[in-house]
Amino acid sequence: MDFLTNTNNLLLIATLVTSGLALALPQLLGRLNKQLLNVHTAIQWVNQRQAQILDVRTADEYQSGHIANSKNLPLADFDNIQKLQLDTNNPVILVCLSGSRANTAVGKLKKMGFLEVACMEGGISSWNQASLPLVK
């Protein structure tokens, strides 16, 4: 009982809970909005629905290995999205290293008029775990 009455311990618990929520919130919001696709569903969208893959990692991350036919636009450069000439009527699948940055970009694309936007769950890390090829 002394553990819960000590002010330092309460601050530690509050910090842990806040940190956990901050880490989990993007994933939870994505699941609530049903915007997450696993790797295999993402491939089906590309092959069957002409989905466009937009990689929001930095240019250096993209150059180290990316999904074939994907386009790169770092999250910080979203104001320049028109230069990619993406079709707003075709689905867009957002990809980053783990899915966190891609989840952030979903709202931005929807505000820009893209009708269907999803994130690849786990990002490039999941792609690698599925032993799928990357292009350099």
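Before I start, one term: a residue is called buried when its relative accessible area is under 20%, and exposed when that area is over 50%, with partly exposed in between. Please also keep in mind throughout that what we are looking at is a predicted model.

Let me begin with helix α3, which runs over residues 39-49, and in which V39, A42 and W45 are buried. If you look down the axis of α3, these buried residues fall within an arc of 120°, so they line one face of the helix. On the other side of α3 you will find H40, N47 and Q48, which are exposed. As for what lies over the buried residues of α3, the cover includes the strands β1 (36-37), β4 (92-95) and β5 (117-120), together with helix α6 (123-129). The two ends of this helix also deserve a look: at the N-terminal end, N38 acts as a cap, with a side-chain oxygen 3.0 Å from the backbone nitrogen of H40, while just after the helix Q50 takes a positive phi of about 55°.

Helix α5, residues 100-111, can be read in a similar way, and its buried residues are A102, N103, A105, V106 and L109. Around the axis they cover an arc of only 160°, which puts them on the same side of α5. Just after this helix comes G113, with a positive phi of about 105°.

Now to the charged pairs: how many salt bridges are there in the model? The count comes to 3, and I will take them in turn.

In one of them, the side chains of R49 and E116 meet at 2.5 Å, N to O. This pair links distant parts of the chain, since R49 sits in helix α3 and E116 in the loop between α5 and β5, 67 residues apart. R49 has a relative accessible area of 33%, so it is partly exposed, and E116, at 29%, counts as partly exposed as well.

Another is formed by R101 and E61, whose closest N and O atoms are 2.8 Å apart. Here too distant parts of the chain are linked, with R101 in helix α5 and E61 in helix α4, 40 residues apart. R101 counts as partly exposed at 25% relative accessibility, and E61 counts as partly exposed at 23%.

The remaining pair is R57 and D55, whose side chains meet in a salt bridge of 2.8 Å, N to O. Are these two residues buried or exposed? Both R57 and D55 are buried, and for R57 the relative accessible area is 3%, which is under the 20% cut-off and therefore makes it buried. R57 lies in the loop between β2 (52-55) and α4 (59-63), and its side chain also reaches the backbone oxygen of G65 at 2.7 Å. Leaving aside neighbours within four places in sequence, the residues in contact with R57 include Y62, H66, N72, L73, P74, V95 and I124, and R101 is also among them.

Finally, let us turn to the surface, where F3, L4, L10, I13, V17 and L21 make a nonpolar patch of about 550 Å². Helices α1 (2-5) and α2 (7-32) each supply at least two residues of this patch, and the largest share, 4 residues, comes from α2. F3, for its part, lies in α1, and at 47% relative accessibility F3 counts as partly exposed.

How values were computed. Residues are numbered from 1 along each chain as its sequence is written. This is a predicted model: local features need pLDDT of at least 70, side-chain atom pairs count only at pLDDT 80 or more; totals for chains, interfaces and linings use all residues. Side-chain values use heavy atoms; hydrogens and water are left out. Buried means under 20% relative accessible area, exposed over 50%, partly exposed in between (1.4 Å probe, protein chains only). A polar contact is a pair of N or O atoms within 3.5 Å; within protein, one must be able to donate a hydrogen and the other to accept it, and residues adjacent in sequence count only if both atoms are side-chain atoms. Contact means heavy atoms within 4.5 Å. The arc is that of the directions from the helix axis to the C-beta atoms. Patches are made of residues with over 30% relative accessible area and no salt bridge: like charges are joined within 9 Å, nonpolar side chains (Val, Leu, Ile, Met, Phe, Trp, Tyr) within 5 Å. Accessible areas come from the Shrake-Rupley method with a 1.4 Å probe; for residues, only the protein chains shown count as cover. A salt bridge is a side-chain nitrogen of Lys or Arg within 4 Å of a carboxyl oxygen of Asp or Glu.
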